[in-house]
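Biologist: I'm new to this one and would like to learn how to read its charged side chains. Could you walk me through it?

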Amino acid sequence: MPLYKEVQQLNDEVMALIEALNNNPTPEERQELCDKLVAVAEARDYMQEQNCEEICKARQNCIADNDAIDAEIKRLMAKKTTNTRAIEFYENELMRAVEMHGGKFNAGTFTVGTRKSTVVVVDETIFNDDRFKVTKTEVKIDKMALKAALKEGETIEGAELVDKQNIAIK
């Protein structure tokens, strides 16, 4: 059984003992209930501490996994960049071979040739026709300025300051 379920069971038992104490037991029953309550509460607190330690360890493992994933993403992006450059190099070599052969040719099981396409090449340093320009606007909320305004007491519809509790693990 997971630790957190054991902690919950012990907590339920603590609450049941407290309820039993509130039902006016005899002095002997009261002493017995108090002794049992102390023992169960100590067991619950110990299990809770163990549970929290396990959670902290699991959290650290997730952080380490994310760091490893980030490193792997970086490695794969570098590999992709290298492969993209290699593809460009290979295609340039093949283009030269097509030019040397005067057109399409066979290279083992491959047929290498060219096809015609039309592309637009724009020199943005001198291009100045507004008909073909698109303006993209990205609207973002300046949360730092908004926070400052709210702290100064300004009321802003749709925004409020909320105090949060953040985990601090050392």
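Modeller: Sure, let's start with a term: a salt bridge is a side-chain nitrogen of Lys or Arg within 4 Å of a carboxyl oxygen of Asp or Glu. Keep in mind that this is a predicted model. Here, the side chains of E138 and K140 form such a bridge, at 3.6 Å from N to O.

Biologist: Are E138 and K140 buried or exposed?

Modeller: Exposed, both E138 and K140. The cut-off for that word is over 50% relative accessible area.

Biologist: What's the general idea behind such pairs?

Modeller: Side chains of opposite charge can pair when their charged atoms come close.

Biologist: And how many salt bridges does the structure hold?

Modeller: Seven salt bridges. Take R96 and E93 as one of them: their side chains meet with N to O at 2.4 Å.

Biologist: Where do R96 and E93 sit in helix 2?

Modeller: They are three residues apart in helix 2, which covers residues 27–101, so about one helical turn separates R96 from E93.

Biologist: How exposed are those two, then?

Modeller: Partly, in each case. R96 has a relative accessible area of 46%, and E93 comes in at 34%. Partly exposed is the band between under 20%, called buried, and over 50%, called exposed.

Biologist: Let me try that on another pair. Which residue does D130 meet in a salt bridge?

Modeller: K133, with 3.7 Å from N to O between the side chains. Now use the cut-offs on each partner. D130 has 57% relative accessible area, so D130 is exposed. K133 has 43%, so K133 counts as partly exposed.

Biologist: Now for charges outside salt bridges. Which residues gather in a patch of negative charge on the surface?

Modeller: For a patch, we look at residues with no salt bridge and over 30% relative accessible area, and join like charges within 9 Å. In this model, E28, E29, E32 and D35 gather into a negative one on the surface. E32 is found in helix 2, and E32 counts as exposed because its relative accessibility is 59%.

Biologist: One last thing: how do I read sequence distance against distance in space?

Modeller: Compare the two numbers for one pair. N11 and A43 are 32 residues apart in sequence, while their C-alpha atoms are 9.6 Å apart in space. N11 lies in helix 1, residues 3–21, and is partly exposed at 24% relative accessibility.

Notes:
Residues are numbered from 1 along each chain as its sequence is written. This is a predicted model: local features need pLDDT of at least 70, side-chain atom pairs count only at pLDDT 80 or more; totals for chains, interfaces and linings use all residues. Side-chain values use heavy atoms; hydrogens and water are left out. Helices (H or I, at least four residues) and strands (E, at least two) are DSSP runs, numbered from the N terminus. Buried means under 20% relative accessible area, exposed over 50%, partly exposed in between (1.4 Å probe, protein chains only). Patches are made of residues with over 30% relative accessible area and no salt bridge: like charges are joined within 9 Å, nonpolar side chains (Val, Leu, Ile, Met, Phe, Trp, Tyr) within 5 Å. Accessible areas come from the Shrake-Rupley method with a 1.4 Å probe; for residues, only the protein chains shown count as cover. Lys and Arg count as positive and Asp and Glu as negative; His and the chain ends are not counted. The place of a charge is taken as NZ of Lys, CZ of Arg, CG of Asp or CD of Glu.
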